[in-house]
Amino acid sequence: MRYFALLCCAILVTPVFAKPVSTVFSSDFEQSNLTQWRQLGDCQLTPELARSGQGALRCASGNSSLFSREALSEQGLLELWVLPESEQTSYRIQVLVSERSTLDSAWQPVAVIEHQAGSMGYKAHRISIDDPGRKFLRLDIEAQHGFVQLDDLQIERILLGTALHKNEQRIISGILDKLRRDQNIELQAESFRTLGTNYAAQLEVQRQYLEYANALHSGISLVLASSERNKMSNPMAYASFRSIVSDTKRVSSKIQQARLNSMIKPFGDLVTATLNVVSAGTYSAFAEPFKSFLATSFDRSSYQNAGLSRADRKFAEEHGLKIYQDAERFLTELERELQQVSQLDHELAAIQRAIDTYRRDLEKHLRDTLLHANIASSKENISRVLSKDDGVRQKLIAAAAGNISLKAGTYLNDGNNTELIRFVLKTSELLDAMQSYKDGFNQITSAMLTYYERFERSVAAEQNPFTEKADKEAWENHARKAREYLKQSKESFNKAYL
């Protein structure tokens, strides 16, 4: 399966531009930790189903609100884990900030977190809060068809890019204000130089996010057919299945044995102990025909006419029913395992599609950014933006900054305020658009964190679906390796992207 490619490849393709993280607020909702919040509605601390530690916050179906009691030292990147009660549960969480922590304060909406019914398990959400002047946090929680649980909420220090974005907004507002009041041209020229510098700096930000996305895409695209996780859903990895196949061949004719070999070939080769990648489609096309084949093979009318020895006919008569029952039990257990594997594969495929779309859109935005700065969006110039050589990048960034300043200054010197205002607003539009890509990457990393969480739970010891001791041990052996790969990959992912 593709998902294990990510786990291994993330270790190999970790970018070198990891960012230091500083947490300015955290709430893990342990038994004493509700003191950080005031609330309206029905939310209670609970020791059940905590994501980590010993507690979580459970909010009943309906509407509830949480208000931070103390002012945060600053705002930044909010990360929150939410668990719906069942597959029928949906929720909507509005994030708001204010200068005061009272119900009648001027609460400014920041973002809305929404989850539609259809999936279970903790899900990560990451939201950028780019208003450092509003120090209090509020969460309005609406749950339908069941409760929701919150756990491991934290806010990381505001990123430099966010601070620069706020500065850009002030510069543009200042330029437009000066134009309306027709103030000093020299001051305007200085503002244009600053605007050009900040505009060109976005090229470096775009390069970094493209490298983030390309590294993730490379990890997901690599297919490791021998992944430990996939082996856990392959019937040939288990002694019960191999024994069933061996016993069935013992009571089958040559042509029946050939048919059996054909049926199990998609899973691998018993002789060379080679295991293939298993999909839900492969299994569903195999399970029922395989059970029918077993029933036929151990039917008296079949083995009596298969040219078997007396001992083999007696074996079929005495053990046929038990072998069929063992096969039915094993395939049921395996199906539960395959459902988990298929769900993980589906989630990772959705993440890959999101990354593909993100990369295409961001590359188009990069071209638009260059064109607005009078730089051709050729492959050569794109390569310069993405170059590993800092000197090459800085030369192009300097050219973009100069072009923006020059064009704005030309409009100003010509007295063409109409075109100048139009140019400044277009510059502002391109600068503002970059924030949506930062938010988009937050959504991708949220999906990856959720994926890691579900992968980890799927290989926990209590998830072992098998009854027979040998099968349980085989599953656990693969799971133990998967857990180690997972631990290494999560550490690399967190260091590189969070």
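Helices here are DSSP runs of at least four residues, numbered from the N terminus.

**View 1. Helix H11 and its alanine 400.** In this predicted model, helix H11 covers residues 390-413, and alanine 400 is one of its residues. Is alanine 400 buried or exposed? With a relative accessibility of just 1%, it falls under the 20% limit, so alanine 400 counts as buried. Look around it and you'll find Ala200, Leu203, Ala373 and Ile375 in contact with alanine 400, once neighbours within four places in sequence are set aside. Leucine 370 is also worth picking out: 30 residues separate it from alanine 400 along the chain, yet their C-alpha atoms are 7.3 Å apart.

**View 2. The whole protein, before going back in.** Zoom out for a moment and count 13 helices and 13 strands. The protein has 498 residues, and 49% of them count as buried. Many contacts link distant parts of the chain: taking those between residues at least 6 apart in sequence, 78% join residues at least 24 apart.

**View 3. How sure the predictor is.** Across the protein, the mean pLDDT is 84, with 85% of residues at 70 or more. Residues 1-20 are another story, since their pLDDT is below 50. Even so, the model gives this stretch 76 contacts beyond near neighbours in sequence. A second low patch sits at residues 221-226, where pLDDT stays under 50. For that patch, the model shows 14 contacts beyond four places in sequence.

**View 4. A five-stranded open sheet.** Follow the strands across and you'll read E2-E5-E10-E7-E8, paired in antiparallel fashion. Which strands sit at the edges? They are E2 (37-40) and E8 (108-115), and each of them pairs on one side only. Neighbouring strands in this sheet are turned against each other by 15° on average, ignoring direction.

**View 5. Strands E7 and E8 side by side.** Strand E7 takes in residues 90-98 and is joined to E8 by seven bridges, with the two running antiparallel. For one matched pair, find isoleucine 93 and look across to isoleucine 113, its bridge partner in E8. In general, strands of a sheet pair through backbone hydrogen bonds.

**View 6. Serine 90 in its pocket of neighbours.** Serine 90 belongs to strand E7. Its relative accessible area is 12%, which is under the 20% cut-off, so serine 90 is buried. Which residues does serine 90 touch? Leaving out those up to four places away in sequence, they are His115, Gln116, Ala117, Glu142, Ala143 and Gln144.

**View 7. Strand E11 and its pairing partners.** Strand E11 runs over residues 148-157 and is mostly covered, with eight of its ten residues buried. Strand E1 (residues 23-27) runs antiparallel to E11 and is joined to it by four bridges; here phenylalanine 25 stands opposite isoleucine 155. Strand E4 (residues 56-59) is also antiparallel to E11, with three bridges, and arginine 58 faces glutamine 149 across the pair. Then there's strand E6 (residues 76-84), antiparallel to E11 and linked by eight bridges. In that pairing, leucine 77 stands opposite glutamate 156.

**View 8. The largest nonpolar core, and another one apart from it.** The largest nonpolar core holds 93 residues. Those with the most contacts inside it are Tyr209, Tyr238, Phe241, Phe286, Phe290, Tyr358 and Tyr497. Helix H9 (residues 310-372) gives the most to this core, supplying 16 residues. Zoom in on tyrosine 209 and you'll see it touching Tyr358, Leu362, Met434, Lys438 and Phe441, with residues up to four places away in sequence not counted. Apart from this core lies another, made of 27 residues, including Leu72, Val95, Leu137 and Ile155.

**View 9. Helices H7 and H9 packed together.** Helix H7 (residues 280-297) packs against H9 at an angle of about 175°, and their axes are 11 Å apart. Angles over 145 degrees count as roughly antiparallel, so that is how H7 lies relative to H9. On the H7 side, the contact is made by Ala280, Tyr283, Phe286, Ala287, Phe290, Lys291, Leu294 and Ala295. On the H9 side, look for Tyr324, Ala327, Glu328, Leu331, Leu334, Glu335, Leu338 and Ser342.

Conventions
Residues numbered from 1 in each chain as written. Predicted model: local features only at pLDDT ≥ 70, side-chain atom pairs only at ≥ 80, totals over all residues. Heavy atoms only, no water. pLDDT = per-residue confidence, 0-100. Contact = heavy atoms within 4.5 Å. Pairing = 2+ DSSP bridges. Axes fitted to C-alpha atoms, helices over the stretch in contact; angles between N-to-C directions. Core = buried A, V, L, I, M, F, W, Y, C linked by side-chain atoms within 4.5 Å. Buried < 20%, exposed > 50% of the residue type's maximum accessible area, 1.4 Å probe, protein only. Parallel < 35°, antiparallel > 145°, perpendicular 65-115°, else oblique.
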